[in-house]
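I am opening a notebook on this structure. My notes follow the order in which I looked things up.

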Amino acid sequence: MTKLVIVESPTKARTIGRFLPSEYQVEASMGHIRDLPASASEIPARVKAEEWSRLGVNVDADFEPLYVIPKEKKKVVKELTAALKEADELLLATDEDREGESIAWHLTQVLKPKVPVRRMVFHEITEDAIQEALENCRAINDRLVEAQETRRVLDRLVGYTVSPLLWKKVSPGLSAGRVQSAAVRLLVLREQERRRFRSGSYWDLKATLEAHDELFTAQLITLGGVRLATGKDFDETTGRIPEGKTVVLLTEAEAHALVERLEDGEWRVKDVNERDQTRSPAPPFTTSTLQQEANRKLGMSSRQTMQVAQRLYEQGLITYMRTDSVHLAQQALETIRQRVTDKYGQDYLSPAPRQYQTKSKGAQEAHEAIRPAGQEMPTADELGLEGREYQLYDLIWKRTMATQMADALLRLSTVIIEVEDAEFRASGKRVIFPGFFRAYVEGADDPAAALDDQETILPPLAVGEVVDCRELEPVKHDTKPPARYTEATLVKALESEGIGRPSTYATIISTIQDRGYVVKANKQLVPTFTAFAVNHLMERHFPDLVDTRFTAQMEQVLDDIAEGNADGLPYLQTFYLGDQGLDQQVKSKEQEIDPRTIHALELDDLQARVRVGRYGPYLEQDSNGETIRVSLPDSLPPADLVIEEAERLLRQKEQGPTPLGYHPETGEPVFVLTGRYGPYVQLGENGDNGQKPQRASLLKNMTPESITLDDAIALLALPRLLGQHPETGKDIEAGVGRFGPFVRHDGDYRSLTKDDDVLSVGLDRALDLLAQEKTRRRGSEIVRELGEHPDGGLVAIYNGPYGPYVKHSKVNASVPKGTDLDEFTLEQALGLLAEKAKKPAKKRKSRKKKN
């Protein structure tokens, strides 16, 4: 007989198998083996007629969940059941957090083992950790299971109760979520701040000075004994400096006049100040800080970070990656300190071991920080890692080493230089001892602050010393609106507000993007008009569900359940049932809410509003007894819809667009218009001759404001004839297609490079491109391997002529448009493949042979 060990993934199974005796058989459950029904087709026939089956939770039976085994997991369950029959003991070695505890519990409920069951937990997959876990097995922690199951039921109740209301009152296909709605509100509030923001301008002077044959710069700070205005002095809602604030606000003319007055004056050092500053290393990584730093330093999304960290953990290279704790075990401290000594020398080791205290709200997941696993802690180079795994492991390794390194010592210097009635300030910084800087410098959300740790060395200066002014220039500054959230800053905000827990941050951010509430642009998370409309309804009618404090209190209740200080059932009953419960609130609001009162934005100055419909956002205004509606691009950030642009769009819709000019050959008007998918040019009026007018999208480097009539005519002329091929005599054309600009000849295509212009590319360049060997598209090549299918065989992402798709064996399933392929998971792929497998294959129509 064998001892059966069940973990979540094949990778984890292989790693653990290396450290267990031969009588242990390690199998993978492929995550959860059962869950609440994902669709109506999964609801068992015996309960399908029950009203509560739609929820998947029997509210009247103490909120009993309806768990089902998805089709794609039935084979896994069958194989685990067969393996269990040959075993005399079952060890459940799923992850040590609540989710892992829940997976273990579900396994016992489905497999119904008749042999002894033990729960095996560890925070790193090393030989020592596995042996210790074997010797210290325990029972399943019912409190952790109850907390996780309560969370699952709570999320289902909110999502499946509120979402149908959004379909009726806002737009079909929308969703609400217990945590996602609060996260969306944070993004919407920031975008509203940006809408209210008014920019202000101010000028100052920058001097390039010389002393002791060294150049350095200084900034004007006072004039006539009064401080110069900076961006912090402006009111963000007016773009002006509030009355009563005593500062000097220079105009452009005054700044230039000041340059002429001061540049030939005597520049003398008025004051020199130096002070030493000690900097200590940041704590080791938690889930939150790892996601933040990986986003800042490596450009990785939260989901991508967790996927890579999961792989590193399952390979036995790092400790468990879902944790709030910054604690380091004693043995780990000793290993880290030895590695620091070996690599950097004794001088760079902190005088004593450095421990950190966990400060995050509701810290509860695991008991140690994220660090390299084991007693050797090799570098990424020593492990031979590559790609994202190399980058993330290297980040973790360096951050961990830095925690036990000596403080950095810096010398900060400030010099005040006066010329006539003006004072300039020069700031310097010298690293006296780099300490932990040798290994790691923490990233920053502000790009300017990222330069903070670079040295700026000033020449030796003394009070009374005269310096030479080599250049004096006026500099204009414009105040900036509050920065949008990035994934790093949103994770930081979620943690600060107590919204969600380490294991949920990546899911929250992915969900709000997948649902169309947020788009990512240049690392910024931009809420859409859909997010504004849904948040409007939620704030007005379900304020608790988007209130960060209320959401944090819900998380605290779940923590209390996990700690045995509360019960899940009474909380669910209070939250969902009764006159004030969510169920009754939604029923009453369904009658009360008038969809016409729900909009994304109210533009008071125009008596207009932005609404969200079946086909996307649109601007609406009542004028002379009629309602004018005009589509808005899906990609338009709400803060960028200024009054002037709204007026232009409404006027264009009401009066008809003003033509850019007229086509020289046909005499038809040429328009620049904006539709749901962005700006485009159009030849002729809509409906002329009963035909759809000719249209062409603007190229990536074009904007509606910058496009000329010649550009528009050139776009409308695509594809354009370049000439004939010298060998075949057939036409060569340039145009724009599904995959971007191209040249073609006799059905043979070549893509233009980023340096080519489809409007000006010539015949010679086209011939060069066509002569090059055709680059194979990735359609027949794997874009990324996702892992092993429960039925065996590889699951991978491919890129086909109609977009990316996942494939297993002979089943292909399209990946939804807009999905980040780097973040796409095996679980998502299995869901798509299972859904595709349910659909009957389309029969090809046989073509009759011509006689």
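**Entry 1: strand pairing**

I start with a working rule: two strands pair if DSSP finds at least two bridges between them. This is a predicted model, so I keep that in mind throughout.

I looked first at strands β17 and β18. β17 covers residues 608–613 and β18 covers residues 616–623. They pair in the antiparallel sense over 6 bridges. One partnership I checked is Arg611, whose bridge partner in β18 is Tyr618.

**Entry 2: the sheet around that pair**

Which strands make up the sheet, and in what order? I read the order as β16-β17-β18-β19, an open sheet of 4 strands. Its pairing is antiparallel. The edges are β16 (601–603) and β19 (626–631), and each of these pairs on one side only. Ignoring direction, neighbouring strands are turned by 30 degrees against each other on average.

Then I looked for helices on this sheet. α15 packs on the sheet and touches β16, β17 and β18. The direction of α15 makes about 100 degrees with that of β17. Helix α20, residues 643–655, also packs on the sheet. I see α20 touching β16, β17, β18 and β19. The direction of α20 makes about 115 degrees with that of β19.

**Entry 3: a parallel sheet**

Next I went to another open sheet of 4 strands, in the order β2-β1-β5-β6. Here the pairing is parallel. The edge strands are β2 (24–28) and β6, each pairing on one side only. Neighbouring strands are turned by 25 degrees against each other on average, direction ignored.

I followed one pair in detail. Strand β5 (residues 87–92) joins β6 in the parallel sense over 3 bridges. Leu92 has Arg119 as its bridge partner in β6. Helix α3, residues 98–111, lies across β1 (2–7), β5 and β6. The angle between α3 and β6 is about 170 degrees.

**Entry 4: a hairpin and strand β10**

How many residues lie between β14 and β15 in their hairpin? I find 2 residues there. In the turn, Asn522 has a positive phi of about 50 degrees. The strands span residues 518–521 for β14 and residues 524–527 for β15, and they pair in the antiparallel sense over 4 bridges. Val518 stands opposite Pro527 in β15.

I then traced the partners of strand β10, residues 267–279. With strand β11 (residues 408–419), β10 shares 11 bridges, and the two run antiparallel. Gln277 stands opposite Leu410 in β11. With strand β13 (residues 466–478), β10 shares 2 bridges, again antiparallel. Trp267 has Val467 as its bridge partner in β13.

**Entry 5: the cavity**

I searched the whole structure for enclosed space. The search finds 1 cavity of 30 Å³ or more. About 60 Å³ of space lies in the largest cavity. Which residues line this cavity? I list Ser175, Gln180, Ser181, Val184, Tyr517, Val534, Asn535, Met538 and Val546. The elements that give two or more residues to this lining are α6 (180–196) and α15 (529–541). I had already noted α15 as a helix that packs on the sheet and touches β16, β17 and β18. By class, the lining has 5 nonpolar, 4 polar and no charged residues.

**Entry 6: backbone details**

I checked two loop positions. A cis peptide bond joins Leu718 and Pro719, with omega about -5 degrees. Pro719 lies in the loop between α21 (709–716) and β24 (720–724). Phe63 has a phi near 60 degrees, a positive value in a residue other than glycine. I place Phe63 in the loop between β3 (57–58) and β4 (64–65).

**Entry 7: confidence**

Last, I looked at how sure the predictor is. The mean pLDDT of the protein is 89, and 93% of its residues reach 70 or more. Which elements have the lowest and the highest mean pLDDT? The lowest is strand β28 (residues 782–788), at 71, and the highest is strand β6 (residues 117–119), at 97.

I marked two stretches for caution. Over residues 362–366, pLDDT stays under 50, and the model has 23 contacts beyond four places in sequence for them. Over residues 776–780, pLDDT also stays under 50, with 10 contacts beyond four places in sequence.

Note on methods: Residues are numbered from 1 along each chain as its sequence is written. This is a predicted model: local features need pLDDT of at least 70, side-chain atom pairs count only at pLDDT 80 or more; totals for chains, interfaces and linings use all residues. Side-chain values use heavy atoms; hydrogens and water are left out. On a 1 Å grid over the protein atoms alone, a cavity is a set of points where a 1.4 Å probe fits but cannot get out, and a pocket is an open set with protein on both sides within 12 Å along at least five of seven lines; lining residues have an atom within 4 Å of a point. Grid points are joined across faces, edges and corners, and a volume is the space filled by probe spheres set on the points. Ala, Val, Leu, Ile, Met, Phe, Trp, Tyr, Cys and Pro count as nonpolar, Asp, Glu, Lys and Arg as charged, and the others, Gly among them, as polar. Axes are lines fitted to C-alpha atoms, for helices over the stretch in contact, and angles run from 0 to 180 degrees between N-to-C directions. Contact means heavy atoms within 4.5 Å. pLDDT is the predictor's confidence in each residue, from 0 to 100.
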